[in-house]
Amino acid sequence: MALSVATSAYAANAATGVPFLAHQAVYDLSLKKARGNAGGVNAVRGRILYKFAGSTCEGYTTEFRQVSELQSGENKTTLSDLRSTSWEDGAGKSYRFNIESRMNDADSTEVDGVAERSSDGVVVKLKRPVAKTFNLGKDVVFPTEQVKRIIEAAKAGKTILELVIYDGSDGGEKVYNTLTVIGQPIPGDKAPATPDASTRNGQLKSLTRWPVTVSYYDRAAKQDAGEQTPVYAMSFELYEDGVSRALALDYNDFVIAGDMGELDIKESKPCK
């Protein structure tokens, strides 16, 4: 699973005039939809805890944790615990990441590394799971830069955006092609069908938000004739200041909903 759509969905574009909102959000997970055979996922519970802080001058830090329990046929339960911390340069030139994941009682796996942009492209230096250095193309962008461009596109009235994303997930070597579809802007004073901690917050009621769907495709996968199926997709409503609500994680066979249960706004330090 790529992390960028899960972690960068909370960043925003300070250059548009609305600064990033330093905050902590908690999302309660549940099964939204199940597809496929009867032996598939039939119940989900868990939480996402997300913390975001920073500025264009000092860079942006994120802390992310997702714990989820999936129940499937024959009373099978799968427990996953995903944790990540990252820092991204305000100009999108440098990205440091540490990702730890555990499935059931298996030993945890760790990815630790840094990616730096140069005139020739992006150089990735991994410490874990194995020491390795490799190059990526010039068109690759990091997670916060990804959402910065989504908001720029939304403000410009664009509905489609294609980007190549690197976020350090899946062993630190995966690169994704993404297709972002942006819906019509939603005025801040328009109440949603299902209110949550974000829509009850007075600071957000003056801000526009957009319905966004980002589909992730494995760039290394061979493309047969016909349309390629995304590895997964994520839908959410994205505020101008980077807060996201109404999450939906689509893994093809099933969809997980993430409803914001808590929102705690933190103090931000402006650039000097």
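In the predicted model, Thr208 occupies the loop that runs between strand β11 (176–182) and strand β12 (209–218). The relative accessible area of Thr208 is 23%, and the residue is therefore classed as partly exposed. Apart from neighbours within four places in sequence, Thr208 is in contact with Pro185, Ile186 and Gly188, and also with Leu238, Tyr239 and Glu240. Between Thr208 and Gly168, which are 40 residues apart in sequence, the distance from C-alpha to C-alpha is 31 Å.

A network of salt bridges links Asp196, Arg209, Glu237 and Arg245. Some residues of this network also belong to a pocket: Asp196, Glu237 and Arg245 are among the residues lining the second largest pocket. This pocket has a volume of about 150 Å³. Its lining further includes Pro192, Ala193, Thr194 and Pro195, together with Ala246 and Asp259. By residue type, the lining of the second largest pocket divides into 4 nonpolar, 1 polar and 4 charged residues.

The count of salt bridges in the model comes to 16. One of these pairs Glu69 with Arg45, with 2.9 Å between the closest N and O atoms. Glu69 belongs to strand β3 (residues 59–72) and Arg45 to strand β2 (residues 41–55), and the pair thus links distant parts of the chain, 24 residues apart. The two partners differ in their exposure to the surroundings of the chain: Glu69 is buried, because its relative accessible area of 17% falls under 20%, whereas Arg45 is exposed, because its value of 54% is over 50%.

A further salt bridge joins the side chains of Glu110 and Arg128, at 3.8 Å from N to O. Glu110 is part of strand β6 (residues 109–118) and Arg128 is part of strand β7 (residues 121–128), so this pair ties together parts that are 18 residues apart in sequence. Glu110 is partly exposed, with a relative accessible area of 30%, and Arg128 is likewise partly exposed, at 42%. Asp264 and Lys266 also form a salt bridge, in which the closest N and O atoms are 2.8 Å apart. Asp264 is partly exposed, with a relative accessible area of 36%; Lys266 counts as partly exposed at 39%.

Strand β7 also contains Gly121. With a relative accessible area of only 2%, under the limit of 20%, Gly121 is therefore buried. The C-alpha atoms of Gly121 and Lys138 are separated by 4.0 Å, although the two residues are 17 residues apart along the chain. Lys138 is also one of the contacts of Gly121 beyond four places in sequence, the others being Glu116, Leu136 and Gly137.

Leu136 appears again in the interior of the model. The largest nonpolar core has 60 residues, and Leu136 is, together with Val124 and Tyr166, one of those with the most contacts inside it. Val124 is in contact with both Leu136 and Tyr166. Beyond its neighbours within four places in sequence, the contacts of Val124 also include Val114, Ala115, Lys132, Thr133, Phe134 and Gly172.

Several features of the backbone depart from the general pattern. Most residues other than glycine have a negative phi, and most peptide bonds are trans. The peptide bond from Arg128 to Pro129, by contrast, is cis, with omega near 10°. Pro129 is located in the loop between β7 and β8 (132–136).

Positive phi values are found in two residues discussed here, Asp170 and Asn252. For Asp170, phi is near 55°. This residue is placed in the loop between β10 (160–165) and β11, and Asp170 is partly exposed, with a relative accessible area of 37%. Asn252, which is not a glycine either, has a phi of about 75°. The loop that holds Asn252 lies between β14 (244–250) and β15 (254–265). Asn252 has a relative accessible area of 31% and is therefore partly exposed.

Technical notes: Residues numbered from 1 in each chain as written. Predicted model: local features only at pLDDT ≥ 70, side-chain atom pairs only at ≥ 80, totals over all residues. Heavy atoms only, no water. Core = buried A, V, L, I, M, F, W, Y, C linked by side-chain atoms within 4.5 Å. Buried < 20%, exposed > 50% of the residue type's maximum accessible area, 1.4 Å probe, protein only. Contact = heavy atoms within 4.5 Å. 1 Å grid on protein atoms, 1.4 Å probe; cavity = no way out; pocket = protein on both sides within 12 Å on 5 of 7 lines; lining within 4 Å. Points joined across faces, edges and corners; volume = space filled by probe spheres on them. Nonpolar A, V, L, I, M, F, W, Y, C, P; charged D, E, K, R; others polar. Salt bridge = Lys/Arg side-chain N within 4 Å of Asp/Glu carboxyl O. Helix = DSSP H or I, 4+ residues; strand = E, 2+ residues; numbered from the N terminus.
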